[in-house]
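Welcome! Take a moment to look over the sequence and the model, and then let us walk through some charged pairs and a pocket together.

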Amino acid sequence: MDVLGALQVSLAQLIGPSAIFYALLAIGLNLHFGYAGLLNFGQIGFALLGGYGVGIMTITYQQPLWLGILVGLGAAGLLALVLGIPTLRLRADYLAVVTIAASEILRLVFRSTATDSVTKSTNGIFGFADPFTSLSPFDSGKQYSFLGVKFYGDDLWAMVVGWSLVLLLCGLVYLLTHSPWGRVLKAVREDEDAARSLGKNVFVYKMQALVLGGVIGGMGGVFNALQTKSINPDFYSTAQTFFAFGALILGGAATVFGPVLGAMLFWFLLSIPDALLRQAIAGPDPLLNLTEQQVGATRFVLLGILIAVLMVFRPQGILGNKREVQIDAR
């Protein structure tokens, strides 16, 4: 077993583009669930609109990339408004049902042949990321090595931009949550009736958190589209939202860096068993009699067990405060 090789592959996932994408999704979910107590099970729908905003505007309508980014983020914010207006005055489970349904409806609409002229349906959208990659100071065809971990120039450029964005958003979340707005948001999460008795408009604060977190999810979609240079509707499945929730729970909700640490560890811990199991089934005399599909499923089972154990012994996550994640803690 090449443990060193498996570790190098896992380190690449620890800081790679996938960790950035799920960190962005988890930061948005953190504002929703961690700070406002909102159950959003459709974060990937906001990412879908962010990514498709870029692709549709640049390829279908031949507009500049920067306009596509703005349209994608605007569409994500508009979706939050549309979903929040009828649900935020009701119980939290209504928002959960509506968001998961909306994300799946969007995926099916964007993959439908009826929208092929705009979304390219299941063929996806390509060829829109050249203005982004042209800004890269790295050679796109060259591999760069750091402590044995190798990245191509385009991926390295995406990582520089992505991690810079993650740090900026962490700074924004810190400033917001340590401001009077953030303290009211926590009060709303803890006890809506008490917040109303102090004259706070609970609906407005929840809507603001939903829109802001949705726009951050849209940023994740924009980043993923530019990094992969492609958009395909089947990628934006409901499972992606729950991966982001897993990262948030792992790192710790209602913390600034918890979503980022959780996303990094999520992919690191997912990659180690994957690499080791694939080595164990390779060659003429494999150590384990598993198929490629079984390996893919087994790694999620192992990660799920780890998260379940974490929930038993440390339900607040690695960086979390147990009281912070008690939504109804009075």
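## Charged pairs and a greasy-sided pocket

Arg 107 has a relative accessibility of 14%, so this residue counts as buried, the cut-off being under 20%. Please keep in mind that this is a predicted model.

Which residue forms a salt bridge with Arg 107? The partner is Glu 104, with 2.5 Å between the closest N and O atoms. Both residues belong to helix α5, which covers residues 92–111, and they sit 3 residues apart, about one turn of the helix. Glu 104 counts as partly exposed because its relative accessibility is 25%, a value that lies between the 20% and 50% cut-offs.

In general, side chains of opposite charge can pair when their charged atoms come close. How many salt bridges does the structure hold? There are 11, and three of them are set out here.

| Salt bridge | Closest N to O | Helix | Spacing |
|---|---|---|---|
| Glu 104 and Arg 107 | 2.5 Å | α5 (residues 92–111) | 3 residues |
| Asp 193 and Arg 196 | 3.3 Å | α10 (residues 192–197) | 3 residues |
| Arg 278 and Asp 274 | 3.0 Å | α13 (residues 258–280) | 4 residues |

Now for helix α10. Asp 193 and Arg 196 are about one helical turn apart because 3 residues separate them there. Is Asp 193 buried or exposed? At 56% relative accessibility, Asp 193 counts as exposed, while Arg 196, at 43%, counts as partly exposed.

Helix α13 holds the next pair. Arg 278 and Asp 274 lie 4 residues apart, so about one helical turn separates them. Arg 278 counts as partly exposed at 31% relative accessibility, whereas Asp 274 counts as buried at 14%. Salt bridges with shared partners also build a network, which joins Glu 104, Arg 107, Arg 111 and Asp 234.

Let us turn from charges to empty space. The second largest pocket has a volume of about 200 Å³. Which residues line this pocket? They are Ile 69, Leu 73, Phe 132, Val 161, Leu 165, Met 219, Val 222, Phe 223 and Leu 226. By class, the lining has 9 nonpolar residues, with no polar and no charged ones.

Where does this lining come from? Helices α4 (65–87), α8 (153–177) and α11 (202–228) each give at least two residues to the second largest pocket. The largest share, 4 residues, is supplied by α11.

Notes
Residues are numbered from 1 along each chain as its sequence is written. This is a predicted model: local features need pLDDT of at least 70, side-chain atom pairs count only at pLDDT 80 or more; totals for chains, interfaces and linings use all residues. Side-chain values use heavy atoms; hydrogens and water are left out. A salt bridge is a side-chain nitrogen of Lys or Arg within 4 Å of a carboxyl oxygen of Asp or Glu. Buried means under 20% relative accessible area, exposed over 50%, partly exposed in between (1.4 Å probe, protein chains only). On a 1 Å grid over the protein atoms alone, a cavity is a set of points where a 1.4 Å probe fits but cannot get out, and a pocket is an open set with protein on both sides within 12 Å along at least five of seven lines; lining residues have an atom within 4 Å of a point. Grid points are joined across faces, edges and corners, and a volume is the space filled by probe spheres set on the points. Ala, Val, Leu, Ile, Met, Phe, Trp, Tyr, Cys and Pro count as nonpolar, Asp, Glu, Lys and Arg as charged, and the others, Gly among them, as polar.
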